[in-house]
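Trainee: Could you walk me through how the strands in this one fit together? I'd like to go step by step.

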Amino acid sequence: MDDSPITVLIVDDHDMVAQALAQALSSRPDVEVVGTARTKARVMAALAAQVVDVVITEVRLNDDIEGALIGEVVQQWPDTKVLVLSSSSDDWSVSRAVESGCHGYLLKDQHLDDLYDGVVGVYQ
């Protein structure tokens, strides 16, 4: 890894969650949170506008209940890694994320340090 920070886009239906994750990750000197998004459309616009190393997202968003976002990100931006951060550990969610090409899967009940480790892990 070079000296440039890992650029991260945080995607969550809940602004408070996204803002808290952004604040926590921004405290790390090797991570730069470049934005947050609540919808699939905003994610796609953000990725088209800037280079993002890692997207942290749920499997499904309110406007993407089929979970197509992950596959579209992986297909359109192959250098961008997708880390799923979900409250769901059910078979559908995990298999949908893996089949769509996510690079990592964390549960929201894990420790916050696991999120940082996950970002670095998928980036490398």
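Trainee: How many bridges join β1 to β3?

Mentor: Keep in mind that we're looking at a predicted model. β1 and β3 run parallel, and one pair to look at is I10 with its bridge partner I56 in β3. The number of bridges joining β1 to β3 is three.

Trainee: And on to β2: which residue there is the bridge partner of L9?

Mentor: Strand β1 covers residues 6-11 and runs parallel to β2, with six bridges joining them. Look along β2 for the partner of L9, and you land on G35.

Trainee: Which residue in β4 is the bridge partner of V55?

Mentor: β3 and β4 run parallel too, joined by four bridges. In β4, the partner of V55 is V82.

Trainee: So what's the strand order in the whole sheet?

Mentor: It's an open sheet of five strands with parallel pairing. The edge strands, each pairing on one side only, are β2 (31-37) and β5 (104-107). From one strand to the next, the twist averages 20°. Read across, the order is β2-β1-β3-β4-β5.

Trainee: Are the residues on the two faces of β3 buried or exposed?

Mentor: In a regular strand, side chains alternate between the two sheet faces. In β3, V54 and I56 sit on one side, with V55 and T57 on the other. Both faces are covered, and all four of these residues are buried.

Trainee: What angle does the direction of helix α5 make with that of β4?

Mentor: Helix α5 (residues 112-123) packs on the sheet, touching β1, β2, β3, β4 and β5. Its direction, set against that of β4 (81-86), makes about 155°.

Key
Residues numbered from 1 in each chain as written. Predicted model: local features only at pLDDT ≥ 70, side-chain atom pairs only at ≥ 80, totals over all residues. Heavy atoms only, no water. Pairing = 2+ DSSP bridges. Axes fitted to C-alpha atoms, helices over the stretch in contact; angles between N-to-C directions. Contact = heavy atoms within 4.5 Å. Buried < 20%, exposed > 50% of the residue type's maximum accessible area, 1.4 Å probe, protein only.
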